[in-house]
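Reader: I would enjoy going through this model with you, one question at a time. Could you take me through it?

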Amino acid sequence: MRIGSPKETYAADEALFRTRTQWAWFGVLLAALAGFPFVANLYWLYLVCLVSINVIAVTGLNVLTGYTGQVSLGQAAFMGVGAYTVAWLENHTGSPFPVNLLAGSVVATGVGLIAGLPSLRVKGLYLAIATIAASFILLFIFKNWESVTNGTRGIGIEPPSAFGVALENPDTFYWLVVPVTVVMLLLASNLFRTRIGRAFIAIRDRDISASVLGIDLPRYKLMSFGISAFYAGMAGGLYAYFFGSINPESFPLLMSIFLLAAVIVGGMGSMLGSILGGIFMTLVPELLRYGIDFLGLFMENASAVLSPVRTVVFGLLIVGFLLFEPLGLAEIWRRIRRFFHLWPFRT
Amino acid sequence: MSTLEVDNVSLSFGGVNALNAVSVTVEAGGITALIGPNGAGKTSLFNAVSGFYRPQAGRVLFEGRDISALRCPQRAALGIGRTFQNIALFRGMTVLDNVKLGAHVRTRTGLFSALWYLGRARREETQIREQIEREVFDFLEIDHIRRHPVAALPYGLQKRVELARALAMRPRLLLLDEPVAGMNREEKEDMARFILDVKEQWGVTILMVEHDMGMVMDISDQVYVLNFGQVIASGRPETVQANPEVIEAYLGTDDMTTLRRRLRGESEAA
Amino acid sequence: MDWLFLFEVSLAGLGRGGLYALTGVAFVLIYKATRVINLAIGEMLMVGAYLFIGFGAGMALPLWLAVILALLGGALLGFVLERTAIRPLLGENPISVFMVTIGLSSVLVGLVEIIWTANPRSLPDLLPRDPIFIGDAFVAPKTFWSFVIAAGVIAVFLLLFRFWRGGVALRATASDQGAAYAMGINVPAVYSLAWALAGLLAAGAGILLGAISGASSSMGVFGLTVLVVVIVGGLDSVLGALLAGVLIGWVESVAGVYLGGEYEQLFTFSILLVVLLVRPWGLFGTREIERL
């Protein structure tokens, strides 16, 4: 049970972690992340890398959709922009990987800003459709701009190397992707302690009133698009390095729906939600695979239904959470926490 | 010099004239009330001042400067604060964040600094937090609810948070759209006191739309009466109150004595 | 330039446009009555095509019976989706409802793949196969007949919309829900009706589309083009859906033939972006006035 947490300055009350307990938990989490590679096998490390990449993309989408209220179905395509940029730089200039990753994010940001232009004219649902259009146009470019993207055959990318070690397998790649994810999450959390984050939420809740109160809608909507695309670009670049090859099929519309589902399932407008949603949605297909393997004991070609079952489950998760738990896993987490705050005096 | 001058503003929506050559002058440091029956164009006038509607004709001058061409956020940045008729709080934020949002136009933190929460971001956020606590929360007596989500607050408190948000901007002109509508007597008295304090302690010029005649007569220095998009009377509260044209327009009947009594009755009740 | 060829291509485009228009009407019907942007319309269409395969080929029923059952199945699907997933969100943020329809489309795709596998299928022969000539121009018979049927269905539908009691109730609900309710119109029933009718129309479009180019679980992408159609036409305009449907069908055909198949969608979505930037409420849609 926790009782009051007195503070002496308002600055202390504005901190990211406001209680000593929160700091302690954050420390425990970091320690666990640092220790994990020494105890886990490659499969688990592979999963954590994949989760991390997804969490970055989901965080970006959450900034745009969950916090700013602009639905986007283009996040996967922006990841593609980041991935192709990284691949091209890696194969043509040989510049170091941090530069490539940043460049990929910046190019994705630029594309995201252009794709966000319709948001200046249209709201909500029209915008979602505009992002579908942008996504199709980008996929078309991935397929047809042969000289850069190598068309449908795709491109291979050499793994990045740091301090002479090739970050080739999950056990080494872990040390790149996890710290990047932690930093990206902290940056996004910081944003919502400031005027910019508040402006985003105000636009989501009541855009016209926000404008009357001094929020420049076009500016902040585009900024949100840009941030979201930056995160997508970073995730895409890491994806390219992690899997070592990309092609236009790597970033389909279905992946954008997957990322949107992660935002909804995790919790719109919550950083914790981005993390929980990213973890949950990455693990669901894995769990399904075990389930199907198990079914395979009893029925023939059970593995053939894996992909459609996954599609159905993604859809059901979106519908189910929107209907029954619109605030997502983050809200369930909060409920559990509240229970323990008062425990054992109230049940 | 007058703080706000609405000069011959006309506004129409698809053939319906919401405002017809309306001129209103708001003197600095006073409370100007805008009254009139529903649909008379009061909120339309507010929206024309805020910049949400673009009048077809006429000008809006703020502290002598023509702001007709400015967009909403630019007008807010000049110091025009506002509350809304149908409480427009941001439901996904706490009281504190709502009020901090009011200070948006006074801060400059850029994206980069915000992401790292260093330098200007840290300085400005701490600074506006302290200012809000000191100037606004203590004054409006809402410091105990700062961490509450606004959606869960009772109506009267929501209205107060809206006023707090407008004050956090440190406005020079405050537009209040029906500040006491739907409140009980005690809440109305509190709100009237706050409004008078804002005028006297903060030196803010106030333009308010209000249906509660008692409150209008008690606290305003100047009253404008709007009907069918036109100003039909203006002046000191007591002059306007006695104007037969106003009584007729406002209440749509000619039984003058009962109406006078009702007007007086309301003002006694409040 | 070969004018005869262009004419033939244009006719083929009009044929496809007929299907866009038909599905577009289904979309507009739902939007007008319930203000829901239904991204699952393409998947509802796909389910119609597969139901026809199931009844016609799988159970080997007579084709006319299979068509009727597939249409009824489509209507039932619309009804069930509305009651289970859309109705509970009544009055919620339209963005949530929109995302629910995204989820539904995913569910429908998965179910179809589980039942019928992801492999493309061809439908039992339904339309006459004798070649058709208009003047000297050849029109593929399937395209011709599907256009004729789509046009006929739309005409019947428009008449119903105007004169039938249910149609009047639909229009009343569309123009003012509160007033319609106050006048004793059973608004919830109108919602069900709109979804069921839209499901029926979509299933019909699905059977026709499947008859032309076969069925596959990615058929739902057709729904994205329909989305473009209704936005270009104006979300709440039946006339807009009809004209934009034909227009987009034509543009796609011409672009596809002269530039290559992969340019079809590039063109449609570019048109969409231009319309959104220039005239977001569409050619014939109602421009909504924002209020504070």
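Reader: Thanks! Which residue in β9(B) does Leu34(B) stand opposite?

Author: Happy to help, and please keep in mind that this is a predicted model. Leu34(B) belongs to strand β3 of chain B, residues 31-35, and this strand pairs with strand β9 (residues 222-227) of chain B in the parallel sense over 4 bridges. Within β9(B), the residue opposite Leu34(B) is Tyr224(B).

Reader: And which residue is the bridge partner of Leu34(B) in β8(B)?

Author: β3(B) also pairs with strand β8 of chain B, residues 205-209, in the parallel sense and over 4 bridges. In β8(B), the bridge partner of Leu34(B) is Val209(B).

Reader: How many residues of β3(B) are buried?

Author: Let's look at both ways the side chains point. Ile31(B), Ala33(B) and Ile35(B) point one way, Thr32(B) and Leu34(B) point the other way, and all are buried. The strand is mostly covered, and the number of buried residues is 5 of 5.

Reader: Turning to aromatic rings, what kind of pair do Phe5(C) and Tyr258(C) form?

Author: The structure holds 31 aromatic pairs over all chains. For Phe5(C) and Tyr258(C), the centres are 6.1 Å apart and the angle between the planes is 70°. Planes over 60 degrees apart count as edge-to-face, so the pair is edge-to-face.

Reader: How many residues apart are Phe5(C) and Tyr258(C)?

Author: Phe5(C) is in helix α1 (residues 3-34) of chain C, while Tyr258(C) is in helix α10 (residues 238-259) of chain C. The pair therefore links distant parts of the chain, and the residues involved are separated by 253 residues.

Reader: Is Phe5(C) buried, partly exposed or exposed?

Author: Buried means under 20% relative accessible area and exposed means over 50%. Phe5(C) has 36% relative accessibility, and Tyr258(C), at 37%, is partly exposed. Because its 36% falls in between, Phe5(C) counts as partly exposed.

Reader: Over which ring does the charged end of Arg193(A) sit?

Author: A good one to view on screen! The charged end of Arg193(A) lies 3.5 Å from the centre of a ring in chain B. That ring belongs to Tyr117(B).

Reader: Finally, how much area do chain C and chain A bury between them?

Author: The contact takes 44 residues from chain C and 40 residues from chain A, and the count of salt bridges between these chains is 0. Carbon and sulfur atoms carry 84% of the buried area. In chain C, Met99(C), Leu276(C) and Leu277(C) lose the most area to chain A, together 15% of what that side buries. The area buried between the two chains is about 3,500 Å².

Definitions and conventions: Residues are numbered from 1 along each chain as its sequence is written. Chains are lettered from A and ligands numbered from 1 in the order in which they are written. This is a predicted model: local features need pLDDT of at least 70, side-chain atom pairs count only at pLDDT 80 or more; totals for chains, interfaces and linings use all residues. Side-chain values use heavy atoms; hydrogens and water are left out. Buried means under 20% relative accessible area, exposed over 50%, partly exposed in between (1.4 Å probe, protein chains only). Helices (H or I, at least four residues) and strands (E, at least two) are DSSP runs, numbered from the N terminus. Two strands pair if DSSP finds at least two bridges between them. Rings of Phe, Tyr and Trp (its six-membered ring) pair if their centres lie within 6.5 Å; planes under 30 degrees apart count as stacked, over 60 as edge-to-face and the rest as tilted. A charge sits over a ring if NZ of Lys or CZ of Arg is within 6 Å of the ring centre and within 35 degrees of the ring normal. Contact means heavy atoms within 4.5 Å. Buried area is the accessible area (1.4 Å probe) that two parts lose on being put together, summed over both. A salt bridge is a side-chain nitrogen of Lys or Arg within 4 Å of a carboxyl oxygen of Asp or Glu.
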